[in-house]
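User: I am a first-year student, and I would like a close look at one part of this protein. Please pick a loop, then work outwards to the helices and the spaces around them.

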Amino acid sequence: MTSDVTIGVCYYPEHWPEAMWADDAKRMRAAGISRVRIGEFAWSRFEPDPGHLDLDWLGRAIDTLHAQGLGVILGTPTATPPKWLVDKMPDMLAVGDDGRVRGFGSRRHYCFSHAGYRRECARIVRALAERFGKHPGVVAWQTDNEYGCHNTVRSYSESAKLGFRHWLKARYGTVQALNEAWGNVFWSMEYRSFDEIDLPTGAVTETSPPHRVDFDRYSSDQVREFNRVQTEIIRALSPGRDIMHNFMTFHVDFDHYDAMEDMDVATWDSYPLGSLDVFPGEAAHKAAYARTGDPDMQAFHHDLYRGTGRGRFGIMEQQPGPVNWASYNTDAAPGLVRLWGMEGFAHGAEMVSYFRWRQAPFAQEQFHAALNRPDNAPDRAYFEVRELSRDLAALGALGAAAPAKVAIVHSYEAHWFLREQPQGRNFSYIEQVFSLYRALRRLGLDIDIVGPEAPLSGYALVLLPSTPYVPPRLAASLDAFEGTLLVMPRSGSRTASHRIPDNLAPGPLAAKLGIKVTRVESFRSYSAVPVLYDNQQAWFDRWREFVEGEAVVVAQTGDGQAALTRKDRAWYLAGFPDAGFLDRLVARLAGEAGIETQALPRGLRSRRRGAHRYFFNYGPEPVDVSDFAGGAFVLGSAALGVGGVAVTREER
Ligand code: GAL
């Protein structure tokens, strides 16, 4: 059976002499590559002078790739407007919250709210789609590049200010309603008209949280609207082609579920080593995985974006070796380029595409590794990609990602609420979601990460991370959920307009959980609150709540307060648990939910797809997987070296 997935690569024909293209395409094929993303930064070559399009070279590049049977993913170049355009329309530039214009000279230098820039984007996208939309070599589109990268979702420009006022008017109708909703009587912040409302920056001290949350919502909506300008044109002019965008690691500044409504496949850019370096984490952990990447971070995003793409997802950019943008840029241990690729497929990816074909000998990313060195000799990653393609050929069709019994409900809005009023510096929404995921995955479980609107009834266990505002629909589906439910602290603690609910937290979840939160505190980790759980010492390490109600108290803090409660199958954790506590708790909940678990060794992880179960060894030493594998090996064997991959055919 032939493979139902593809390997891709990111390629920049405009960076290389045309004489190299045919050989590049041939060697891509030889490595088992069948998808090539091009074009996403090439505006200055598509339109060297205002109105003078030069798309012939792009046509030749697409033809050359197509002649080798490669399918092109055509990127729209809107992340890099050229200098002449910026000079013509300088107010299209984004403005930082410090009031400084974010100028030309790198990328993403535009404001999502600027109508003139949107028109320019529509014009260039239309030109590309008219010319290449029905080209047989063009199989898909990528809009823009990494929305939000370099902290670009929120812009404090004049266009954003005017747009925000309109948006507020549409949301609240009258300024009196807005004053009421935001609580503007506080500190005499009342407005007499929408035209008086500025963006939430530049004030003496903290601006009002609902003002900021609404600006977060507004900014997120702009990303969707900006993107939709492009998707509408592409849909009309390039029928039958998938539209994708490449999302990022731990990026929560705009609502990806929302943006995905206009697209077909959610892809993401996976940089395991760069991300391990730049995201918070303990030094010992970073040291242990410096050359393999965190054992859960890639999987977390695979599961997140599989959900975002309603089942359809892929990796648009996979790290091939050292990157250039982390604080320190380690090399990947041998085998990891193959492992990361295979892990993406194990989680259901339909494509894994590597960044980039050849290392650039110029400009910002000279230190960024690729499949080929700047002298065009194949680098280690080239051979690992070729090996991966042989593995795929051996496995045949991979089938669909196995349905999970566990879900985590993820919400972008929850992050905005907690960011705008954290109340404790160390309280991070996304870090918490990831810690829940980690604890589950160490038990060998397959996990879904779903949006707040997703149906929950098919799951045996659902975890709700700290979600201050629980919208009515989510409240209803949690209420109706009959499986085991764990709700994390701070959930239901705010209304849509960021007020404390009349019945206090957990607001709409009060009846389901049988509790009321009467008081909260945050603290540094050295003031951690001891908890006795199952006769063992545990901790709340940054947050705890005082709760009362009819729910049964399952664990108590050292000072005799309820730490963990349950009402029927609905559990509430009245604090932020340390990792060991969380591990034990989720294992128990999985048990109660009737889900079989395995305690996997340190760096070993697994995932099921189709008839196969995949094993990945991220750990620092070899492991024997025979105790965990329930079938015959079809790839690799039970002895898994560092960076090793094995696949078994599950006996059902
Ligand atoms: C991504 C980006 C690429 C390239 C890459 C380097 O964030 O989409 O264009 O810059 O990082 O790792």
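Analyst: Start at Arg356, which sits in the loop between β8 (351–354) and α14. This is a predicted model. Its mean pLDDT is 97, and 100% of the residues reach 70 or more. Strand β25 (residues 645–650) has the lowest confidence, with a mean of 94. Strand β3 (residues 71–75) has the highest, at 99.

Back to the loop. What kind of peptide bond joins Phe355 and Arg356? The bond is cis, and its omega is about 5°. Further along, the loop between β8 and α14 also holds Asn376. Asn376 is not a glycine, yet its phi is positive, at about 80°.

Another cis bond runs from Ala505 to Pro506, with omega near 0°. Pro506 is also a loop residue: its loop lies between β12 (484–487) and α18 (510–513).

Now follow the first loop into α14. Two packed helices are described by the angle between their axes and the distance between the axes. Helix α14 covers residues 380–395, and helix α13 covers residues 336–346. Their axes are 8 Å apart and make an angle of about 40°. The crossing of α13 past α14 is right-handed. Which residues of α13 and α14 meet? From α13 come Leu336, Val337, Arg338, Gly341, Met342 and Phe345. From α14 come Ala381, Glu384, Val385, Glu387, Leu388, Asp391, Leu392 and Leu395. By class, this contact of α13 with α14 has nine nonpolar residues, four charged and one polar.

Next, take another helix pair, α8 and α15. Their axes lie 9 Å apart, at an angle of about 145°. Here too the crossing is right-handed, as α8 passes α15. On the α8 side, the contact uses Pro209, Arg212, Val213, Asp216, Arg217 and Ser220. On the α15 side, Glu413, Trp416, Phe417, Arg419 and Glu420 take part. How does the contact of α8 with α15 divide by class? Six of its residues are charged, four are nonpolar and one is polar.

Helix α8 leads on to an enclosed space. There is one cavity of 30 Å³ or more. The largest cavity has a volume of about 40 Å³. Which element gives the most to its lining? α8 does, with four residues. The lining includes Phe215, Tyr218, Ser219 and Gln222. Cys111, Phe112, Ser113, Val153, Arg154, Ser155 and Ala160 line the cavity as well. Six of the lining residues are nonpolar, four are polar and one is charged.

Both α8 and α15 also border an open space, the second largest pocket. That pocket holds about 870 Å³ of space. Its lining has 36 residues, and those closest to the centre are Tyr257, Gly451, Pro452, Glu453 and Ala454. Several elements each supply at least two lining residues. Besides α8 (209–237) and α15 (412–420), they are α6 (158–172), α9 (256–260), α12 (297–308), β10 (447–450) and α17 (472–480). Sorted by class, the pocket lining has 15 nonpolar, 13 charged and eight polar residues.

To retrace the route: Arg356 lies in the loop between β8 and α14. Helix α14 packs with α13. Then α8 packs with α15, and α8 helps line the largest cavity. Finally, α8 and α15 both supply residues to the second largest pocket.

Note on methods:
Residues numbered from 1 in each chain as written. Predicted model: local features only at pLDDT ≥ 70, side-chain atom pairs only at ≥ 80, totals over all residues. Heavy atoms only, no water. pLDDT = per-residue confidence, 0-100. 1 Å grid on protein atoms, 1.4 Å probe; cavity = no way out; pocket = protein on both sides within 12 Å on 5 of 7 lines; lining within 4 Å. Points joined across faces, edges and corners; volume = space filled by probe spheres on them. Nonpolar A, V, L, I, M, F, W, Y, C, P; charged D, E, K, R; others polar. Axes fitted to C-alpha atoms, helices over the stretch in contact; angles between N-to-C directions. Left-handed = near helix turned anticlockwise from the far one by under 90°. Contact = heavy atoms within 4.5 Å.
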